[in-house]
Amino acid sequence: MSDVVEKTLTALPSLLSLDSQPGSAKLSSTSKLGSLIRGITELTSKHEEEKLIQRELLSIKEQVASPNTTMRQMKELMVRTIYCEMLGYEASFSYIHAIKLAQQGSVLEKRVGYLAVSLFLNESHELLLLLVNTVLKDLQSTNLIEVCMALTVVSQMFPKDMIPAILPLVEEKLNHPKEIIRRKAVLALYKFYLIAPNQVQHIHNKFRKALCDKDPGVMTASLHIYLQMIQENPEGYKDLTGSFVTILKQVVGGKLPMDFNYHSVPAPWLQIQLLRILSLLGKNDPSTSEIMYEVLDESLRRAGMNHNITYAILYECVKCIYTIHPKSDLLEKAAKCIGNFVLSPKINLKYLGLKALTYVVQQDPKLALQHQMTIIECLDHPDLIIKRETLELLFRITNAQNVTVIVEKMLEFLRISKDDHNTIDLVGKVAELAEKYAPDNEWFIETMNTVFSIGGDVMQPDIPNSFLKLLSEGFDSVEEDRKLRLFAVNSYISLLQGEPGKLPQRFLQVISWVLGEYSYLKEDLESAAVLRLLAKLLDMKNSSSETKSWVFMAMTKLCEGTAGVSVAQEVSETYSSSMDTVLRQRAQELEHLSQDSELCAKVLPRGGDREHVEVDSSLSFLDGFVSEALAAGAAPYKPPHQRQEELAQAKVLSLEPYSLSLPISMSSCSITDRQSPTLLSMSSGLSGDSTDLSHKGGSTTLKLDGVKRVWGREGYLSQKEPVEESAQVEVPSPVRSPNQQEEGDSSHSQTPTVTPTLGCEQEKQQLASSLFLGLSTQSPVCLMGKSEPAPQRFRRKAKSLNTSEQISNSLISSPSAVDNLLCNNLLDSSITSEPDLSPPERTTELTTANGTCNTETALTDSGMKGSNPALNRDNSVDATDPPSHEDMDRPKNVCLMSHLPAELCGLAHSEITPLCTNQSLSLSACHVQKEDSLVLVVFINNCSDSDIQQTRIQVDSEDLEVSCVGDSPVEELRSLSVAVCQYSLTVKRPLVNVEVVGMISYQLPVVTTQELQFSYKLPLSSFIRPLMVSTEEYGTMWLAFSNDTKQNLTLISDEQEPLAATLNVLRKKLQLHIVEIIGMEGIVACSLLQDQPCLMHCRVHAGTLAVWLRSPTPDLPDCLIYHCQRALQCH
Amino acid sequence: MMRFLLLFSRQGKLRLQKWFTPMSDREKKKIIRDMTTMVLARQPRSCNFLHWKDLKIIYKRYASLYFCLAVENQENELLALEVIHRYVELLDKYFGNVCELDIIFNFEKAYFILDEFLMGGEIQETSKQIVNRSIEASDMLQEDDSSEWYEVELFG
């Protein structure tokens, strides 16, 4: 059909000048519009056209204003006005006449009137008010055509506030006997739903009636509304799944009248609409998905014909299959379909294939591997759209191993793309990837340089901000920070020495800031030289005044030494009379600070750590204001949770269980984190995790802990091994570690030059192997739960070291040691090898010679000092925890273990730690976790060859209740024997770490009484026990507890389900009981031994875990939160 | 959902515009300019889909006329292409071998057909017969109309 049209159309333009041809018969030469159009086509210049149209409009204006003009003439005039407006000439004088025509004309004139109104008037145009009455009248007309026109205009342009006026009449039309009216009414209501959902709230049941309408057209129209409603709340419409499936079955089976066919495909629009609805309903819902498998299979099978429209259906089918709960044989078919698309010679299909791949690749990276050669070809496609889509796909499969190649491709594209929207989007993605996976400093800085040069002034402002923040906050290693900053300085100096005039303003600002802050790191660099370079920027014509102020700030930080000061003086002199007040201000500052180096050092401390800026978070400066307001009768401020509580107490009958009341209050008060999620905001919405999205709507989907994981990093975790996988020949390439990535380019160019064609082919394969690195299935790491094969290089420093932590740190060990060892990577390996079920245990270690033992420092130090955290469930050394370097104490410990009282065997216990020794005695201890208490077991080992008498041991603690268990302490200790004392410990008041001090006195045969002192420190977490409560119980308890603390914790975000993963770590390490996880929130309960409960509410917010703890025991929440932080940091 | 439909000639002259969401005149002008430059710059035989801001542009050329439809991001591109095609078929059926001139001289008819085919940015009626019947029904009312330039051959 289209061919015929095209042939005819190509022949026609020539007809314009040949009136005698039959084609122009309908264009009567006497028509005024006809002559106007003709007149325009004869003109040669835009200027002439303008003159002609103005003349035309003038004459129209005269005629419409004349009282003698009939409605029929008016209609003709309106058509001409529409034409003039379409050419871009304004004719606002005619608007009122268009409304008049719609009001007063006969049906046909009215139609033109409505058309003119809908083309002329904007939704917010005031004249629209005049239309309401006309529409009301027409809606009630007995003439069907008038009703149709009114409904059309209503759906086209009615503003929100005018809907109520006509809503009842439109609603009434849902019961109209004519299906065309019902259908238009449904579509009009759909439009209302889009602009003002609240106003059509009450007619939801009528939508259901429309869905069941006997006319398929009306039913189809109602699906638009349903798609929208289901998108907002899929839970509410699960019951309709069966109906939708039945409808789809009938459509696919060809049960609809022929009228609905499109190129002999039954109702494709309807099919696609239904597929979309089904995918929304089946998402994350196995039982609902189950219902649709059959019809999806049939849709796939029936859509076999080779026509665009069937491809459209297939594409939608594939998307649906990959969205709903997976079924393996459907997935296989869908994957095949995607393959057909990707391999198709038709460019539109290829595009859709790439899109589909992008959609599924996060779940099934293998699919990308299968098509890697096609993807490479698409990367070099002459059509930028295809190229762009390929990059989108690559963005999704980027990892630490292929990041350099992919980013290079993206930058390549950016250099040729001229489209701003594209640039903004892609530049953001490059910056995101660079920060996430940068293999080394040089690459990172160079990539960011390109980003800034290309992104220029169109990129999102949070890219430079986030970059500078990254530089200034630094990472975990001071040395790394220094190197990165130094590299940036070097790179910028050379850029400024080149042609700074070509750099975008934003980049210059970044450069000035970095030089101002960090150029001192480059030792061989005179600050005066930097100053001169910066001063050059001030002289450049195209520097904006914002850039100039950045430059001034940088210069102020840098001016020192006589040479520097003289440059500064010179510059400030020039600008202190600038017309720009900001610049003048900056110049003044520079002048004054350059003269007073002492003051300068105070105002702008070198390498100043931004974190030390004192912020009065208590807002004490507002005290006066507050007391004034209070005196004037204002109500005192109550924190949100308190308000919530009072509200709950005020209710006599609380019908809301915990799960309802709490999240509301949490969300209002949990924004304590100041770190903006910049990275999240700048990447496109597409990059979000699909599971996250499903939680956004505050859905009540219950995420149970033990739910089987269907999707892993590897895709669908079923046992089937696709045949293609084994057939897939991976191009052998040396697997490069991230550190070797910079060699990527050189190895790329080292392609052997055998024959040109072969070389080209090989080059592609090489590219493929570097692009798809890290995607192959041979990395079993992924399944083990360690999701990122390589650690993220630029891991932002954990910012919120709260005060309680800092205090306790200094109590335990020297702060520097803690700083260095915090988050020590060595720990990761030792702790992840922890067997799943073992309760939290801490290794203990002798740190000081005089016998003070500190379990807490030992935890952080253990990786460095070579002892292994022993996590023994029983007396033997745990086999899963092979010691890489055998501790000297180990054999002794093992034998001491055998002295552990029988009743304590099998309980979780810490490693045996030496307490103190002298030539005759050695004391060791461990603690064993019992249900209701903690037992301290002290082993007294007589290592001398004589017996010891009158042994007396005393154990005491300020923080703990200590009671001796079992027999009274031993009196006599034979040579080379071991005695065991047990003490039951309970907590008096919670502290982060508690300490037991003791003394042992004894008598050797020859010597008089000897004394030996010891102390044993243990973390509060050993007293924590899981508290098994239900959600309801939790709710009641929550409201009863008064001591609370809030804090943001690091989220373990490299897992599929960050919340569940984080809570699991806490469960394993601290024995917390996870009560329930609902969407992005979780509740956790524990108790300090038996009687002191502590509840924890966690919520994922802005990439961190906002936790809120409550307990009846003061200090317990604070202590617990410290241990949570520790547990997560060391994870 | 569809956002707008533009018809323009190879010279970039606008022939028909339909906006499904409210937009200011300035925005409309900018969009028309952007679309014509973007679409006219495309090489033949390249992909029929384009990105523009957060929208997808689906365009197709029929003889000297470009049809350019903007849809929201999650829409199916191939289906949008068929929307354009069906519209062309509807015009073809109504005018009988439609050409650009038909649309220039009888653009209001083209609008009426479009209003029967699409409504509120969604497909309303896909059947050629039914769309034609309703246009025909309205046209019948002007049988007695003697205006000479409205003499339209109804069905080929």
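**Figure 1. A salt bridge inside helix α1 of chain B.** In this view, B:Asp34 and B:Lys30 pair up in a salt bridge, with 2.8 Å between the closest N and O atoms. This is a predicted model, so keep that in mind for every panel here. The two residues sit 4 places apart in helix α1 (residues 25–40) of chain B, so about one helical turn separates them. Their surroundings are worth a glance too: B:Asp34 counts as buried at 19% relative accessibility, while B:Lys30 counts as partly exposed at 35%.

**Figure 2. A buried salt bridge in chain A.** Here the side chains of A:Arg182 and A:Asp213 come together in a salt bridge, at 2.8 Å from N to O. What does this pair tie together? A:Arg182 belongs to helix α10 of chain A and A:Asp213 to the loop between α11 (204–211) and α12 (216–232), so the bridge ties together parts that lie 31 residues apart in sequence. Both A:Arg182 and A:Asp213 are buried.

**Figure 3. More charged pairs in chain A.** Side chains of opposite charge can pair when their charged atoms come close. One example is A:Lys522 with A:Asp524, a salt bridge whose closest N and O atoms are 3.9 Å apart. With the cut-off for a salt bridge set at 4 Å, this pair falls within the limit. A:Asp524 counts as exposed, at 66% relative accessibility. Elsewhere in the chain, a network of salt bridges links A:Arg388, A:Glu392, A:Asp425 and A:Lys429. Searching the whole structure, over all chains, turns up 36 salt bridges.

**Figure 4. Where chain A meets chain B.** The size of an interface is often given as the accessible area lost when the parts come together. For chain A and chain B, the buried area is about 7400 Å², and carbon and sulfur atoms give 61% of it. Chain A puts 77 residues into the contact and chain B puts in 86. How many salt bridges are counted between chain A and chain B? The count is 6. In one of these cross-chain contacts, the side chains of B:Glu75 and A:Arg276 form a salt bridge at 3.5 Å, N to O. If you're after polar contacts, the rule finds 21 residue pairs across this interface, both partners having pLDDT 80 or more. On the side of chain A that touches chain B, helix α10 (residues 179–195) gives the most, with 8 residues. That side of chain A splits into 39 nonpolar, 19 polar and 19 charged residues.

**Figure 5. A:Thr69 and its backbone partners.** A:Thr69 is found in the loop between α3 (46–65) and α4 (71–86) of chain A. Is A:Thr69 buried or exposed? At 16% relative accessibility, A:Thr69 counts as buried. Its side chain reaches the backbone oxygen of A:Gln63 at 2.5 Å. A polar atom of that side chain also lies 3.2 Å from the backbone oxygen of A:Ser66. Setting aside neighbours within four places in sequence, A:Thr69 is in contact with A:Gln63, A:Met74 and A:Leu77.

**Figure 6. A:His97 and the residues it touches.** A:His97 has its place in helix α5 (residues 95–104) of chain A. With a relative accessible area of 13%, A:His97 is buried. Which residues does A:His97 touch, not counting those up to four places away in sequence? They are A:Val64, A:Ala65, A:Met74 and A:Met78. A:Met74 turns up in the contacts of A:Thr69 and in those of A:His97 as well.

**Figure 7. Two asparagines with positive phi.** Most residues other than glycine have a negative phi. A:Asn284 goes the other way, with phi near 55°. This residue is found in the loop between α14 (268–282) and α15 (286–302) of chain A, and A:Asn284 is partly exposed, with a relative accessible area of 40%. In the other chain, B:Asn97 also has a positive phi, near 50°. B:Asn97 lies in the loop between α2 (77–95) and α3 (100–105) of chain B. Its relative accessible area is 40%, so B:Asn97 is partly exposed.

**Figure 8. Chain A as the backdrop.** Chain A holds 48 helices and 19 strands. Of its 1131 residues, 54% count as buried. The accessible surface of chain A comes to about 51400 Å², and 54% of that belongs to carbon and sulfur atoms. Among contacts in chain A between residues at least 6 apart in sequence, 68% join residues at least 24 apart.

Key
Residues are numbered from 1 along each chain as its sequence is written. Chains are lettered from A and ligands numbered from 1 in the order in which they are written. This is a predicted model: local features need pLDDT of at least 70, side-chain atom pairs count only at pLDDT 80 or more; totals for chains, interfaces and linings use all residues. Side-chain values use heavy atoms; hydrogens and water are left out. Contact means heavy atoms within 4.5 Å. Buried area is the accessible area (1.4 Å probe) that two parts lose on being put together, summed over both. A polar contact is a pair of N or O atoms within 3.5 Å; within protein, one must be able to donate a hydrogen and the other to accept it, and residues adjacent in sequence count only if both atoms are side-chain atoms. Ala, Val, Leu, Ile, Met, Phe, Trp, Tyr, Cys and Pro count as nonpolar, Asp, Glu, Lys and Arg as charged, and the others, Gly among them, as polar. Buried means under 20% relative accessible area, exposed over 50%, partly exposed in between (1.4 Å probe, protein chains only). Accessible areas come from the Shrake-Rupley method with a 1.4 Å probe; for residues, only the protein chains shown count as cover.
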